[in-house]
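User: I am new to this structure and would like a close look at one part of it. Could you pick up one strand and its surroundings and walk me through them?

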Amino acid sequence: MKKVFVTLFGILMPLFVSAENDSKPLSKSNFSLSAELNMKYVWRGLEYGNSPLAFGTLAYDYKGFNANVLGGYATNGDFSEVVISASYSNKYFTFGVSDFYYPSATGSDDQYIEFDNHKTGHLLETYLTVRPFTKVPVWMTLSTFVYGNDKLKDGDQAFSSYAELGYTHSFTENNSLSLAVGANLNKSFYTKYEKGFNVTNITAKYMTGIRFGKFVLPMSGSFIYNPITDKPFFSFSLYFSSK
């Protein structure tokens with residue numbers, strides 16, 4: 001009987017110790033998960049896919065630095081993307097680098113580990129967003145694709161560049177309206193490498209949320225117009241986050 005008691009004590013003791021440790025305050029994780037359900041994916045005036053998309057993001061934040069991996073997949077399988085990004089932000093600006101890759105929906109014909117600039121399917125973008133006024137919610141973004149699958153017809157790097165000016169008006173904490181105008185700055189993929197400076201994106205986006213007790217489900221509706229294609233869009237999104 002004594003041997004049985006000693007054996008049971010040896011088995012149960014680590015569980016009691018673990019439970020005691022679990023009762024101690026835990027440090028806050030710098031990792032987070034988020035998701036977006038998007039009715040129509042339109043990015044900088046360009047549409048991607050012809051069905052709703054789901055996006056998931058794994059992010060790590062530390063003192064203004066952010067690293068994240070995003071995956072986006074159309075519900076009908078006609079579009080997918082994987083984006084790895086790193087950035088630094090403070091109250092005045094955000095500077096970052098993003099690697100875009102568009103894998104096949106199914107199959108094994110991709111070449112993700114191919115970094116020859118003339119063969120790779122990757123697109124490497126650098127971007128800077130400036131918020132020059134702390135009391136006026138205006139932002140300005142400048143981005144350029146500096147490497148990868150962004151080529152002119154002669155094979156030279158296109159350095160597709162985009163600039164955007166925007167303003168956000170907040171009605172309440174979870175209720176805001178933003179207006180943005182964006183343009184390509186050179187012959188780039190925004191205009192199929194055919195036109196130089198042109199406005200390609202005019203967006204009005206309303207953000208709000210539905211409250212369920214203490215939980216708020218964020219959502220947005222966006223009206224988007226691309227003057228180059230003379231095409232309007234409306235997109236609706238739901239957002240989820242572990243933060």
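Analyst: Happy to, and we can begin with N66, which touches A59, Y60, D61, S85, A86 and S87, leaving aside residues up to four places away in sequence; contact here means heavy atoms within 4.5 Å. This is a predicted model, in which local features need pLDDT of at least 70 and side-chain atom pairs count only at pLDDT 80 or more, while totals for chains, interfaces and linings use all residues. Residues are numbered from 1 along each chain as its sequence is written, and side-chain values use heavy atoms, with hydrogens and water left out.

N66 lies in strand β5, residues 65-74. Strands are DSSP runs of E with at least two residues, numbered from the N terminus. N66 counts as buried because its relative accessibility is 17%; buried means under 20% relative accessible area, exposed over 50%, and partly exposed in between, with a 1.4 Å probe and protein chains only. Its side chain also makes a polar contact with the side chain of N68, at 2.7 Å. Such a contact is a pair of N or O atoms within 3.5 Å; within protein, one must be able to donate a hydrogen and the other to accept it, and residues adjacent in sequence count only if both atoms are side-chain atoms.

Now for strand β8, residues 123-130. In a regular strand the side chains alternate between the two faces of the sheet. Along β8, L123, E125, Y127 and T129 point to one face and are buried, whereas L124, T126, L128 and V130 point to the other and are not.

What runs beside β8? Strand β7 (residues 93-101) is joined to β8 by 8 bridges, and the two run antiparallel; strands pair if DSSP finds at least two bridges between them. T94 has T129 of β8 as its bridge partner. Strand β9 (residues 138-148) also pairs with β8 in the antiparallel sense, over 8 bridges, and there V130 is matched with M140 of β9.

One residue of β8, E125, leads us to W43: W43 touches E125 along with Y48, F100, F145, F189 and Y190, again not counting residues up to four places away in sequence. W43 also belongs to the largest nonpolar core, which has 15 residues; Y41, W43, Y48, F145, F189 and Y190 are those with the most contacts inside it. A nonpolar core is a set of buried Ala, Val, Leu, Ile, Met, Phe, Trp, Tyr and Cys residues joined through side-chain atoms within 4.5 Å.

Methods:
Helix = DSSP H or I, 4+ residues; strand = E, 2+ residues; numbered from the N terminus.
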